[in-house]
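Biologist: I should be grateful for a close look at the strands of this model and at the residues that pack around them. Please build the account step by step, with the reasoning where it is needed.

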Amino acid sequence: MFPALETHLKQTIPDPYEDFMYRHLQYYGYFKGPTSLSSAVHRQIEAINRDSHMLSLPHLRSRQLLYDELDEVNPRLREPQELFSILSTKRPLLAPRWPIECEVIKESIHHIVPTEGSYFTSSRVGGKQGIIKELAVTLQGPEDNTLLFESRFECGNLQKAVRVDTYEYELTLRTDLYTNRHTQWFYFRVQNTRKDATYRFTIVNLLKPKSLYTVGMKPLLYSQMDANTRNIGWRREGNEIKYYKNNMDDGQQPFYCLTWTIQFPYDQDTCFFAHFYPYTYTDLQCYLLSVANNPIQSQFCKLQTLCRSLAGNTVYLLTITNPSQTPQEAAAKKAVVLSARVHPGESNGSWVMKGFLDFILSNSPDAQLLRDIFVFKVLPMLNPDGVIVGNYRCSLAGRDLNRHYKTILKESFPCIWYTRNMIKRLLEEREVLLYCDFHGHSRKNNTFLYGCNNNNRKYWLHERVFPLMLSKNAPDKFSFHSCNFKVQKCKEGTGRVVMWRMGILNSYTMESTFGGSTLGSKRDTHFTIEDLKSLGYHVCDTLLDFCDPDQTKFTQCLAELKELLRQEIHKKFHELGQDVDLEESWSDISLSDIESSTSGSDSSLSDGLPVHLANIADELTQKKKMFKKKKKKSLQTRKQRNEQYQKKNLMWKLKLTEDTSEFASTLQKHPAFFKNSESSSFLPMRNENPRLNETNLNRRDKDTSLDPSMATLILPKNKGRMQTNLNRRDKDTSLDPSMATLILPKNKGRMQNKKPGFTVSCSPKRTINSSQEPAPGMKPNWPGSRYPATKRDCAAMAAYPSLHIYTYP
């Protein structure tokens, strides 16, 4: 069968490897030649035969399935062994893996706490091999006052520093690896400072047109001498801070500058500048190591490896819950999923996550109660590669991971693919009460949530209860007025939207500002690390309020939300110049029509897939479609849907009308009817309210007229009622567009001619929101009781099928 192998065998005596391959091929029938099997090959074949015989024996049992005392199979898998890293004091921490083109200094950077190629190819510990480049400037002597810059360490991203005057420097940031965008985060070191001089630093290639630096935010400074002598860590410093548009650009997008002046506290000091408090991958590993080696915390906090990133760094998954006493108690627990740092430059999320972990792993009675009733799945750092190299927004795939939660490219976006798969399995096992992804926001103050508006009237406004409760528990940091629940098309790939569509009603993105608070006692102050960590505690505190068996708090918040929404709707009508009585039907108005779009990041529009991944995605999509039943192609635009509805309507009329010639003549008078259906002033909908239609069609608007000859083509179900109005031969008879969107209570169908202010768009500009800020400094007047005194009263729990406590992703 293999002539080349036979010829080669006759000519020479094969070496041991070749001998093994020949015998291997011969054993499976692919090679027929001289049979002179070595003793080793004989032993292998005998072992294979023996294993095959053992597999056929009835008493052989799987080591994965668990058996009970009666030797009956229990349908659950044994807890899997750790596949990758195991944190232990017996071995050193796993060093971060860098792309092979990145130069990394050997010096470790610690702070106290009060490019080549178009895409990523491979990585190694320590980054680039060989001797790294020396600094471009060498000091000429002790009198040389030139600053020495460095950023080749974790999270650092300074690309170039140019000295333009004695004490003035222009800085250029490195863009996210394998992209030409996303310069906002900065973190670098300066040495050889002088105490009595005033320095000016100017970053010249920022990309966001707006920034909190224009409203008082300051950069962060860290002095090594202050840390060693006075135990002072990061602090806000800087004067003459300006943020403005740069004169230069690359022909595609404008650049913006951030400039500030600073006086260093010491001579010959080593200082660091940062956009926000850094939190590195090594910081996370040290924290998890302390948890793994804590004899108490390790009993209810299980550390696992979710997956490996593109560079091979571990993505950690924590499962936190108290051990259950019975399978029924384990099955009755709901799940909460929390994640952070999908955007690597938003270190705010890591500090909020640390505050959450500090509390939930403590011995506080509230923390123990939460562990009794919930299973927490925690992903503290979803994008370790981006964090390590100092990216602001992307992974090593050069793409924003928070736009790819629907991806099928497991190898290209492993962190996201495995996260979604883990949550999918978790939903099959138990209800997921809440999903929250911790982020940072560069253009708004305070902390707030982005959620998803539920169209199910059974749960109307329920997704807004948790944010309102959080605003009451943290009135000086959390702004309910800044929350938004609009689901935009450009955000379909985000974690909160994908998880919401998977069935998690309370699915949120928590945005914590890079600046500070404008509320209560924290007004006009920068957020500190302790402020951010306290938000993690408030999330736990609000969970207890949200799930309190006494529904007084929930009911109170729901009533307050309805009143706030009623006021907002009346305000919208007042802006339109309408006085409408909404006493009975106001609650049926679509919330998305009165809510403005979210003003998020500058990467709301996804860059799409990299070129080298586009073909792979197409191939996988085609293979996936082959195994699915071919479905009717859905119409993509509203225009197509309306045209199809119009055509079906006309066909129905042709069948029912005896005089078809008269109907055909009507069509001949209006040949462009189908072409102009999108821009027409009125489009028939299936669930229109006849009374409202009659009212609107009698309005006189000189801008939008309705030809009465088209009466037979509109709303066949209401033909009798509409005929009177439409037969009026008045060219000025028209529709009033000012009633757009909000005039159809108790109907899902809406008119096409919306006001521009209500158009669903991805514009970063924000208008009036649908909520009202709670009074600053006021604490909610809620009952003090949370749960019954007995925490582990298992008898009151409903019986559920036996399920294991932990879920392996």
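**Strands and their surroundings**

Modeller: Leaving aside residues up to four places away in sequence, V432 touches A335, V337, L426, L427 and I504. Please bear in mind that this is a predicted model. V432 belongs to strand β19, which covers residues 432-441. Its relative accessibility is 4%, and V432 therefore counts as buried, since the limit is under 20%. One of its contacts, A335, is 97 residues away along the chain, yet the C-alpha atoms of V432 and A335 are separated by 4.5 Å.

A second buried strand residue is I262, whose place is in strand β13. I262 has a relative accessible area of 3% and so is buried. Setting aside residues up to four places away in sequence, I262 touches A197, T198, Y199, F201, L221, E237, G238 and F273. Y199, one of these contacts, is 63 residues from I262 in sequence and 5.3 Å from it in space, C-alpha to C-alpha.

The strand pairing around I262 can be followed from β13 itself. Strand β13 (residues 254-262) pairs with β9 in the antiparallel sense, over six bridges. Within that pairing, T259 in β13 is the bridge partner of T202. Strand β9 (residues 199-206) is mostly covered, with seven of its eight residues buried. Strand β7 (residues 168-173) is also joined to β9, by four bridges, and these two strands run parallel. There the bridge partner of E170 is T202 in β9. T202 thus takes part in a bridge with E170 and in a bridge with T259. In general, strands of a sheet pair through backbone hydrogen bonds, either parallel or antiparallel.

A further sheet is centred on other strands. Five strands form an open sheet in the order β5-β8-β14-β10-β11, with antiparallel pairing. The edge strands are β5 and β11 (235-236), because each of them pairs on one side only. Strand β8 (residues 187-191) is mostly covered, as four of its five residues are buried. Three bridges join β8 to strand β5 (residues 148-150), and the two run antiparallel. Q191 in β8 is the bridge partner of L148. β8 is also joined by four bridges to strand β14 (residues 271-274), again antiparallel. Opposite F188 stands F273 in β14. F273 is also among the residues that I262 touches.

The aromatic residues add to this picture. The structure holds 36 aromatic pairs. In one of them, the ring centres of Y199 and F201 are 6.4 Å apart and the planes lie at 10°, so the pair is stacked; the limit for stacking is planes under 30 degrees apart. Both Y199 and F201 are buried, and both are touched by I262. These two residues belong to one aromatic cluster, together with F149, Y167, Y169, F186, F188, W260, F264 and F273. The cluster therefore includes F188 and F273, the two residues that stand opposite each other in β8 and β14.

Aromatic rings also meet charged groups elsewhere in the structure. K410 lies over the face of W417, at 4.8 Å from the ring centre. The charged end of K444 sits over the ring of F448, 5.0 Å from its centre.

A helix may be set beside the strands for contrast. Helix α15 (residues 552-575) has 24 residues, which at 1.5 Å a residue should span 34 Å; its end C-alpha atoms are 35 Å apart, and the two values agree. Its buried residues are K553, F554, C557, L558, L561, L564, L565, E568, I569, K572 and F573. The elements that cover them include α12 (465-473) and α14 (529-546).

Lastly, the cysteines. A search of the whole structure finds zero disulfides. C307 is in no disulfide, because the nearest cysteine sulfur, that of C415, is 4.6 Å away, whereas a disulfide needs sulfur atoms within 2.5 Å. C307 has 3% relative accessibility and so counts as buried. C301, with a relative accessible area of 4%, is buried as well.

Methods: Residues numbered from 1 in each chain as written. Predicted model: local features only at pLDDT ≥ 70, side-chain atom pairs only at ≥ 80, totals over all residues. Heavy atoms only, no water. Buried < 20%, exposed > 50% of the residue type's maximum accessible area, 1.4 Å probe, protein only. Phe/Tyr/Trp six-rings, centres within 6.5 Å; stacked < 30°, edge-to-face > 60°. Lys NZ or Arg CZ within 6 Å of the ring centre and 35° of its normal. Expected span 1.5 Å × (residues − 1). Contact = heavy atoms within 4.5 Å.
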